[in-house]
Amino acid sequence: MQQDTKAIEAIQTFSGKYPKQIWSLFFSEMWERFSFYGMRGMLTVFMIDQIVGLGMDEKVANLQYGATQAFVYAFTFIGGLFADKILGFRKSLFYGGLLMIAGSLILAFNPHDFFFIGISFNIIGTGFFKPNISTMVGALYKGGDPRRDAGFSLFYSGINIGALLGGYACVSIANGTFLGSWVPEALRWNVAFGLAAIVMTISLLTFVVTKNGLGPIGLSPLEGINQAIAGFSKRRVMEWAVYIGGILAIPFIISAVSNPVYTDYFMYFIGPASLLYLAYEMMKLSKQENYKLLAALLFIVFSVVFWAIFEQAGGSLNIFAKNNLTDKALGGMLTLDPNGVNNSANSFFVIIFAPILGLLWLALGRKSLEPNSVVKFGIGFLFLGLAFYTFYNTRFFADAAGRTPLDMFIVAYFVVTLGELALSPIGLSLMTKLSPNKLQGLMMGMWFLASAYGQYVAGLFGASIVPNEGASNMDKLISYTAGYKQFALYALIAGILLIVISPVVRRLMGDTK
């Protein structure tokens with residue numbers, strides 16, 4: 001134990017701006033996000049594809065997209081718990097990566113017949129991979145190290161570079177607008193899903209080759225325990241129980257994702273159950289601690305609304321891009337795949353504007369003008385509302401066939417990004433600041449569950465604006481954009497409400513900034 005402490009201290013007392021270990025985690029996460037966002041960008045488009053896809057109704061596709069993404073985030077919570085208690089971050093990441101590679105290969109082999117099997121492998125794999133690599137980034141720094149924010153900013157840029165590349169490349173290959181002359185039409189979806197498997201393999205190999213540089217960071221919490229169960233190491237028994245349990249969960253995930261009714265049952269149960277458990281724990285806390293938890297719950301509830309609207313990106317906006325956008329941008333000077341733009345524009349703008357917005361907050365802070373966390377949440381909603389009103393306005397630039405140029409659509413994504421950058425970075429930080437130490441794990445879990453609910457509601461929202469079957473392209477344009485106008489109104493109301501009640505929420509937060 002003393003040797004481990006010394007090894008971690010040696011890593012954390014690095015010179016310069018970044019620890020050298022961050023680069024291996026940066027590239028591993030970048031390629032994993034390429035795979036994840038590449039897959040995310042293809043799901044709805046493949047589900048509605050009438051030729052080699054599943055030929056689903058657009059309403060059903062929205063619901064199944066929401067169910068898929070809801071389970072991804074729900075399993076992130078579960079995967080994080082198993083990593084904390086049994087596997088450690090390294091083994092959890094490796095196991096999750098293997099499942100993601102397996103799922104992508106299954107889809108590459110036969111996406112039509114094995115779609116839900118492949119997706120289920122990816123859901124569970126992402127749950128074990130996603131929460132743990134960022135935790136290891138945090139472990140590279142001592143508490144209070146002022147360089148931590150710079151490290152996470154670098155890591156965040158890796159996430160968005162991967163999302164930008166994967167979000168555009170995979171679906172563009174599937175649509176035949178990228179490498180179309182190289183990939184036979186009948187194999188485009190196979191190659192696109194196969195690319196996700198290749199880059200996920202690169203991600204995992206990057207981690208395996210460089211993991212020794214992490215010292216004891218990410219090792220199993222059961223490391224060194226010599227207890228035996230029926231003659232076998234207790235640690236090995238528990239680890240294999242988790243591995244086998246993950247595989248055994250696949251039939252359940254297949255049923256839940258292929259039939260969204262089962263997802264409904266799951267979501268009806270998990271949210272109320274977590275709230276009841278939180279209420280039980282709150283009975284043991286002081287008045288001030290409970291006030292802070294009430295503030296945290298308010299942020300959680302509003303975040304569900306934010307992500308329900310924001311995550312139209314993978315569902316209804318992907319369908320809108322497929323049906324109602326031309327491939328022309330900048331007045332026709334640039335030709336781009338509409339689905340590729342839909343899946344990568346946000347990451348493109350995040351890479352450019354995240355550091356600029358960070359500098360703006362610092363400048364305002366020096367003049368004591370920086371808005372507090374509640375107002376920033378409200379500003380995020382106001383930008384989101386403005387963005388979806390911009391999506392609505394794309395209807396006024398459409399041709400007679402109901403197709404509109406990319407320019408206004410791209411402008412809308414720029415505004416969406418400003419909303420995300422105002423809200424998203426402070427959410428996790430607030431959960432840790434507002435929660436007492438013994439409930440931090442629970443509140444972080446509830447924050448991830450809020451993301452799951454946001455994805456779930458996104459599917460419901462998207463399904464609610466789908467026109468009747470057999471609608472013309474123009475009818476689809478009118479129906480979807482009318483829905484985006486409605487979503488804009490929801491976001492604006494939420495933003496104004498948050499700003500109005502910000503003094504009350506600030507009092508609940510007490511001394512938390």
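Helix 9, which spans residues 260-282, is where Y265 sits in this predicted model. Y265 has a relative accessible area of 51%, and because exposed means over 50%, this residue counts as exposed. Together with V261, Y262 and Y268, Y265 makes a nonpolar surface patch of about 450 Å².

Let us now turn from the surface to the interior. The largest nonpolar core has 121 residues, and those that touch the most other members are L278, F299, F388, F391, F409, Y413 and Y484. Helix 3 (residues 58-109) gives this core its largest share, 15 residues. A second core, separate from that one, has 25 residues, including I11, F89, M136 and L214.

F299 is a good residue to click on if you want to look around the core. With neighbours within four places in sequence left aside, the contacts of F299 are S373, V374, F377, L430, M431, L434, W447, V505 and M509.

Aromatic side chains deserve a visit of their own, as the model has 46 aromatic pairs. Take Y18 and W23: the ring centres are 6.0 Å apart and the planes are at 75°, so this pair is edge-to-face. Y18 has a relative accessibility of 25% and is therefore partly exposed. W23 is also partly exposed, with a relative accessible area of 36%.

Y480 and Y484 offer another arrangement. Their ring centres lie 6.4 Å apart with planes at 25°, so the pair is stacked. Both tyrosines belong to helix 16 (residues 473-509), where four residues, about one turn of the helix, separate them. Y480 and Y484 are both buried. These two are also part of one aromatic cluster, which they form with F320, F388, F391, F409, Y413, F461, F487 and Y490. Y484 thus turns up again here, having been listed with the residues that touch the most other members of the largest nonpolar core.

What about charged side chains? Those of opposite charge can pair when their charged atoms come close. The structure holds seven salt bridges, and the table shows three of them.

| Salt bridge | Closest N to O distance |
|---|---|
| E29 and R33 | 3.9 Å |
| R33 and E32 | 2.6 Å |
| R40 and E311 | 2.9 Å |

How far apart in the helix are E29 and R33? Both lie in helix 2 (residues 21-48), and they are four residues apart, about one turn of the helix. E29 is buried, at a relative accessible area of 4%. R33 is buried too, with 1% relative accessibility, and E32 is buried at 0%.

The bridge between R40 and E311 has a longer reach along the chain. R40 belongs to helix 2, whereas E311 is in the loop between helix 10 (287-310) and helix 11 (316-324), so the pair ties together parts that are 271 residues apart in sequence. Both R40 and E311 are buried.

Which residues are joined into one network by salt bridges that share partners? They are E29, E32 and R33, and R33 is the partner in both the bridge with E29 and the bridge with E32.

Terms used
Residues numbered from 1 in each chain as written. Predicted model: local features only at pLDDT ≥ 70, side-chain atom pairs only at ≥ 80, totals over all residues. Heavy atoms only, no water. Patch = residues over 30% accessible without salt bridge, like charges linked within 9 Å, V, L, I, M, F, W, Y side chains within 5 Å. Areas by Shrake-Rupley, 256 points an atom, 1.4 Å probe, with all protein chains shown as cover. Salt bridge = Lys/Arg side-chain N within 4 Å of Asp/Glu carboxyl O. Helix = DSSP H or I, 4+ residues; strand = E, 2+ residues; numbered from the N terminus. Buried < 20%, exposed > 50% of the residue type's maximum accessible area, 1.4 Å probe, protein only. Core = buried A, V, L, I, M, F, W, Y, C linked by side-chain atoms within 4.5 Å. Contact = heavy atoms within 4.5 Å. Phe/Tyr/Trp six-rings, centres within 6.5 Å; stacked < 30°, edge-to-face > 60°.
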